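Welcome to this tour! Open your viewer, get ready to select a few things, and follow along one stop at a time.

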Amino acid sequence: MNKFKLEYRAFGPRALLIEWPRMVNEEVLNDIIKFKKMVEEALEGYELIPAYNSLTIISAKEINHESLTSQLKDIYRSTYTSAKVQRKLWHIPVCYDEGFGIDLEAFSMEKKLPFERIVELHTEPLYTIYCIGFLPGFMYLGGLKKTLHHPRRSTPRLKIPQGSVGIGGEQTGVYPQESPGGWNIIGNSPVKVFNTEHENPCGVSVGDKIKFYPIDRDEHKLITIQVDANIFHLKTYELDDTGK
Amino acid sequence: MIQVNKTGLYSTIQDLGRFHYRDKGVPVSGVMDAVSAKFANKLLGNDENDAVMEITMTGPELEFQVETLIALSGAMISPTLNGKEIYNDEVHRVKRGDVLEFGKLTSGIRCYLAVKGGFMTEEVLGSRSWYVSLTEFSHLEVGKTLDIKEFKEIVDLEHLPGADHNFKEKEITVFKGPEFHLLTEDQRKQVLSGIFNVAKENNRMACQLKQQLFPHKYSILTSATLPGTVQFTPSGKLIILMKDAQTTGGYPRILQLSEEGIALLAQKRTNDEILFSLQE
């Protein structure tokens, strides 16, 4: 297994930041997730926040950065054998209908791509969750096809409906709740990846993968009803700990 | 129960925060000035995490429907009970039908109302802190009733010395943030020897400062932020993240406030002066 050169930095009296080399790739992400799992097994009582090339360790109390850093370095040097990471692939339905995809027409004209091609290109990849932040349950996804890269709108909208699926720059994602936003909206997903009514409010984790699949308006309506009645279950598949 | 007759500018229920869901993008929330809120709870013999009402600048009108004990701490908003003046940092007995009102704001901006046993409002993901989209309410609404316990016992009210929390203090203790090293010598000087004014963009999510430092071109890959993180935007603005801030960000994190620093900043109003004192 590749070991990276990590930087350990104090982040105020109660937190410590660990940084990997500045790269967005699966190898770095796998290493972060494995390390997170090992830290969880070795140390109790911390909150761990993984993202792209970092892992932030937060305590409820003041910490001794030097001794925590040396503990963490020991953990990183140890072997990976005990750490089994469960990673999942989630299939998420999206309705790419102009009624929801309010920017579809403009997007299609500017990119010179017919609607069907946009849907094909958007539903083809397995996207990787590199970070969850911005809003509860908002996934930063990597893997958008270059053909679909498109700048954010010059003026953000004040209200984007819950479930909107958008493209902003090199990123794509789903707005888990109504919010302001500047992405180009191409569809809507009826599912809630973040739901406080569930015992585990957010099944998805950093390192999991997402595949979108197209549904029509009727299916969107049906799934919305099933979601509200708490009887819709997202399709998930187990992945191995390298995310394959 | 407490019935809300008037809401005031912005009143919410908060405990010390919602932890262990930050990796799912859930902000911590919780009281902005933890020093005052903890003190109000301590006066009543409550747990420090018991939910209190955070009252911002102008107070609500609240009608008690049970007998209990209350305490106020933090900003001075000239509170009255049935029209009679009462004071912060003291325990008061309230009876069924009593009305708590507020008047002129004379110091700080956030006042904490604690009730014996804490507010028993809904708990979501291990916290009673209100946050839009997670909890049913995001701020007080007229006619709403808030669950509290009845407390009729006669108790010897222990007198505690006041919270050592001076809102006039300008100096805010800070620590180096993870990207402090990116600052040039000039930018460091600006940050650490400058006097800053609180901008009007100041709420539970973030407190911006009026002054701008030299612009820069650093960016980081999106990474965790904390309440009290000082973000440095490319245009040179300083944004201090507060309790409802998002859990990740892409601006360099140059400084980090302590919980006490956040508590002090939480009592500052637009134009108030602050300066950063770096603790190595």
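Which residue in β3(B) does Gln14(B) stand opposite? Select both strands and look: the partner is Val52(B). Before you go on, keep in mind that this is a predicted model.

**Stop 1: two paired strands in chain B**

Keep strand β2 of chain B, residues 10-14, on the screen. Its partner is strand β3, residues 52-56 of chain B, and the two pair in the antiparallel sense over five bridges. Now show the surroundings of β2(B): four of its five residues are buried, so the strand is largely enclosed by the rest of the structure. As you look along the strands, remember that side chains in a regular strand alternate between the two faces of the sheet.

**Stop 2: an open sheet**

Stay in chain B and colour six strands in the order β7-β6-β9-β4-β1-β11. Together they form an open sheet with antiparallel pairing. Its edge strands are β7 (84-85) and β11 (145-146) of chain B, each of which pairs on one side only. Zoom in on the β11(B) end, where strand β1 (residues 2-6) of chain B joins β11(B) through two antiparallel bridges. Here you can pick out Gln3(B), which stands opposite Thr145(B).

**Stop 3: a covered helix**

Next, select helix α1 of chain B, residues 34-43. How many of its ten residues are buried? Seven are, and the helix is mostly covered. Show these side chains: Ala34(B), Ser36(B), Ala37(B), Phe39(B), Ala40(B), Asn41(B) and Leu43(B). An α-helix has 3.6 residues a turn, so residues three or four places apart point the same way. To see what lies over the buried residues of α1(B), add its cover, which includes β3, β5 (68-76), β8 (91-94), β10 (107-115) and α3 of chain B.

**Stop 4: a loop in chain B**

Select Asn271(B), in the loop between α3 (259-265) and β20 (273-278) of chain B. Most residues other than glycine have a negative phi. Asn271(B), however, has a positive phi, near 80 degrees. Its relative accessibility is 42%, so Asn271(B) counts as partly exposed.

**Stop 5: over to chain A**

Switch to chain A and show it as a cartoon: you should find five helices and 14 strands. Chain A has 244 residues and a radius of gyration of 20 Å, which agrees with the value near 18 Å for a compact globule of that length. Its C-alpha atoms fill a box of roughly 55 × 40 × 35 Å along the principal axes. Buried residues make up 55% of chain A. Turn on the surface as well: about 11,700 Å² is accessible, and 50% of that belongs to carbon and sulfur atoms. If you colour by charge, you will see 30 positive and 32 negative charges, whose mean positions are 4 Å apart.

**Stop 6: two lysines in chain A**

Find Lys112(A) in the loop between α3 (104-111) and α4 (115-123) of chain A. Is Lys112(A) buried or exposed? Lys112(A) is exposed, with a relative accessible area of 73%. Phi of Lys112(A) is positive too, near 50 degrees.

Finish at Lys73(A), in helix α2 (residues 65-77) of chain A. Lys73(A) is partly exposed, at 38% relative accessible area. Draw a distance from its C-alpha to that of Asp241(A): the two residues are 22 Å apart in space and 168 residues apart in sequence.

Definitions and conventions:
Residues numbered from 1 in each chain as written. Chains lettered and ligands numbered in written order. Predicted model: local features only at pLDDT ≥ 70, side-chain atom pairs only at ≥ 80, totals over all residues. Heavy atoms only, no water. Rg over C-alpha atoms; globule rule 2.2 N^0.38 Å. Buried < 20%, exposed > 50% of the residue type's maximum accessible area, 1.4 Å probe, protein only. Areas by Shrake-Rupley, 256 points an atom, 1.4 Å probe, with all protein chains shown as cover. Lys, Arg positive; Asp, Glu negative; His and termini not counted. Charge placed at Lys NZ, Arg CZ, Asp CG, Glu CD. Pairing = 2+ DSSP bridges. Contact = heavy atoms within 4.5 Å.
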